[in-house]
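Dear colleague,

Please find below the structure I promised to pass on to you. My notes on what was found in it follow directly after.

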Amino acid sequence: MARQQGWFALILALAIAAGALLVSFPLQLGLDLRGGSQLTLQVLPAGSIRSVQKEQLEAVKDVLERRINGLGVAESTLQTVGDDQLVLQLPGEQDPSRAAKVLGTTALLEFRAQRPGTEQEMTGLLKLKRQAQAVLNQSQVKAAAIANGQPVPPAVSIKAEELAEALTQLGISVPPGSSETEQLGLLLSTVNTKIVALYDPAELTGKDLTSAGRQQQQTGTGWEVTLAFNSEGGKKFAELTKGIAGTGRLLGIVLDGRSISEATVGPEFKPAGISGGAASITGNFTADEARDLEVQLRGGSLPLPVKLIEVRTVGPSLGAENIRSSLIAALSGLALVAVFMVVVYRLPGVVSVLALSLYSLFNLAVYALIPVTLSLPGIAGFILSIGMAVDANVLIFERVKEELRSGNTLIRSIDTGFSLAFSSILDGHVTGLISCAALFALGTGLVKGFAVTLAIGLLLSLFTALTCTRTLLRLLMSYPGLRRSTYFVPAAQLPASAS
Amino acid sequence: MSSTPSIAPAPRFRISRHRILAWWGSGLACLLSLIGLLMCWFNPAIGAPLRPGLDFTGGTQIQLERACGVSCSALSSAQIQQPVARLQLPAEPGTPAPNLASAAVQVLDQGRSLVLRLPAVNPEQAAAVVAAVREVAGPLNASGTAVDTIGPTLGDQLLKGSLLSLLVSFAAIALYITFRYDRIFAGLALLCLAHDVLITCGVFAWLGLLSGIEVDSLFAVSLITVAGYSVTDTVVVFDRIREQKTLLAGLPMSEQVDVAVDATLTRSLYTSLTTLLPLVALIFFGGSTLFWFAVALTVGIAVGSWSSIGIAPTLLPLFSRR
């Protein structure tokens, strides 16, 4: 009996430890339970890189982390998932559009000089760009003017035939039935790529930046982004500007292959170029756009492009509703199983309910310890594992009953029951764990979470069924008053000699 | 071997006597399931054995709650659908804005909540759609909004990952049983497993055909759980057959099977019951997200315990060379 008491002390100690653990480390709830946004980004191989390696994934993660910090979002987490994915969680965030914009682009900034002999083509393209932009931006300009109490500027429009001519000139085929706004958008993006084609390859990129900032434009209503170069970048910038100063050729600032600003460099910079290691981009940004670009430039450009493949946003009241309903389901599931066990198995049924409660307690403690972030499917896995955890108890008790029916003594029946049931319990749990391993290795986010909770449940149920149930039952059997076969099996099923 | 009757009393229930009935029942269920899957596949609106949900097709689902309590004005889905279809979305540089003409709108809870299904849009575009709905439907409860966007590549990955993990776990379980028991047992356990998974899929194929129920990644999870459970259940019966092998060596295989099934029958029924009880709780109280997941598991586990009693043991005499 001393050995049973030792086991009992261990189980008691574990239960207390689990309780203390749950109090000091609260469970982590997933975004589907607390509300918030989750963004999944896939890193795409590009250029000479065929498949994404671990170091490249980490490098992308570093840049994204710097950008997230720049956004100033509280308690966000960024984790790598699998070989080429990153998951960003923004608890409490209801509108992930800014995060999506800032994280989803490469932000490769290039400074490129215009090729000689392309001046005429450039002038035409720039005129088209200005026209299209003016029409597209006018609703914005109008709103700003009304907000500031300034007179509303006259409406700008582009003649239909002029637009059509420009489109055919650039070789753009317009999808039938598209609106003017769509056509202008198409025109603008084509013009921007054509402008980029008129530049020399980049000598200076965002790599040579030391910092970025933003300020309101001195003229006009827009914002500009200020840049500071490191010493090498400063030198390159001076050389670049020296080469085109006074020629009428432009300095292009290209972001992710789109021309965002074209600047002239005056003849006064002919001797030494623009020195001092600073520059600014006047791209007619709104305040938000300027801030986002600043964050991106400070964080650096991504070594590989990323693509947003999944966005999930859950409102806080929906999350609370999910918690409530799954809690009710879990508790009523437990209660149903408990009633069933006590009615069918009597005294050992009570023991199994105790063991089941210990199982639930240990389970939650392990979730808090690892920590496992509890999501809705995770909770479903937990509820399901309650039902499966009882399976082991049922197997054992059925065996005990059988032994009793064939006339064995109580204590011997219990021991034989446990040892005979062991092999099927083990097989069942091992096959379950095999499925979990397959799910975990090959599944994605949601599926993985389910596999982890189910695997923890299986391991713990093996422990509670074989240790807790057995110890508690043996301990109870040390009280002679409880040592009665009729507490296990109805008297009618017992052979005459044993009852 | 002194007194066989005392170790194995004559079984009260002889499964072998009902085996033709059991095979017919399961065969019919499998056939119906196959028909359902094929009808889904050849249905031009579905084009796959099961009606794939957002998780697999990719797209955006927006769930909205109107902030009008009980006094919600009546709203038809067409009232929402038209302005959404006409909406000019803010374009993302480099990609054309998605076409919303195919947007589908569902009005639920007497007009209190709305579910929109769109092609995949980015968060900014989703916000524009919500704003457009607000103009028609009135104020919305921001904390009751859920937006899910799944890119088409992810759905593909998910599908491949789910199928692969299903196959790999099949193979690993077969290996384990071969190692612990023998090849025939492993083959029968896999047959049962295929039977259980097929019927669960069949039920959802019919649900998809008749009432438009879609399968999501949780369905894939439930299939794998059902597979694991099915094997666990079958193994218990096999374990008993193996245990009795030396004791009952004189009896024909079908008698041995009867004894084993009879001895484990109560246990099989009780363990299915204890697993089904929490699932029933999930169906009734678990909320809409987990409803179909719980239904899939309930079907799978019920079928799984049937096949472990009626199919795997009754087929054993056919394959075992005594």
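In this predicted model, helix α9 of chain A lies across strands β7, β8 and β11 of the same chain, and its direction makes an angle of about 170 degrees with that of β7(A). The three strands form an open sheet in the order β7-β8-β11, with antiparallel pairing, and the twist from one strand to the next averages 25 degrees. Because β7 (209-216) and β11 (278-285) of chain A each have a single partner strand, they stand at the edges, and one side of each is left without a neighbour in the sheet. Between β8 (residues 223-229) and β11 of chain A the antiparallel pairing extends over five bridges, and A:Trp223 has A:Phe285 in β11(A) as its bridge partner.

Helix α9 (287-299) of chain A also appears in the surroundings of α4(A), whose buried residues pack against it as well as against β2 (36-43), α3 (54-71), β4 (85-91) and β12 (306-314) of chain A, together with α5 (123-137) of chain B. The buried residues of α4 (residues 97-104) are A:Ala99, A:Ala100, A:Val102 and A:Leu103.

Turning to the nonpolar cores, the largest has 126 residues, of which A:Ile383, B:Ala189, B:Phe204, B:Ala227 and B:Phe293 touch the most other members. Helix α11 (residues 376-405) of chain A gives the largest share of this core, 17 residues. A second, separate core of 86 residues includes A:Leu187, A:Leu250, A:Leu293 and B:Val107. As for B:Phe204, its contacts, leaving aside neighbours within four places in sequence, are with B:Leu50, B:Ile213, B:Val215, B:Phe219 and B:Ala296.

Some points of backbone geometry may deserve a look. Most residues other than glycine have a negative phi, and most peptide bonds are trans. A:Ala107, however, has a positive phi near 60 degrees; this residue is found in the loop between α4 and β5 (109-113) of chain A, and with 22 other C-beta atoms within 10 Å it is buried. A:Arg346, which is not a glycine either, has a positive phi of about 60 degrees, but its place is in helix α10 of chain A, and with 16 other C-beta atoms within 10 Å it is partly exposed. Finally, the peptide bond that joins A:Ile370 and A:Pro371 is cis, with an omega of about -15 degrees, and A:Pro371 has its place in the loop between α10 (316-369) and β13 (373-374) of chain A.

With best regards

Definitions and conventions:
Residues are numbered from 1 along each chain as its sequence is written. Chains are lettered from A and ligands numbered from 1 in the order in which they are written. This is a predicted model: local features need pLDDT of at least 70, side-chain atom pairs count only at pLDDT 80 or more; totals for chains, interfaces and linings use all residues. A residue is buried if 20 or more other C-beta atoms lie within 10 Å of its own, exposed if 12 or fewer, and partly exposed in between; C-beta atoms are placed from the backbone. Helices (H or I, at least four residues) and strands (E, at least two) are DSSP runs, numbered from the N terminus. Two residues are in contact if their C-beta atoms, placed from the backbone, lie within 7 Å. A nonpolar core is a set of buried Ala, Val, Leu, Ile, Met, Phe, Trp, Tyr and Cys residues joined through C-beta atoms within 7 Å. Two strands pair if DSSP finds at least two bridges between them. Axes are lines fitted to C-alpha atoms, for helices over the stretch in contact, and angles run from 0 to 180 degrees between N-to-C directions.
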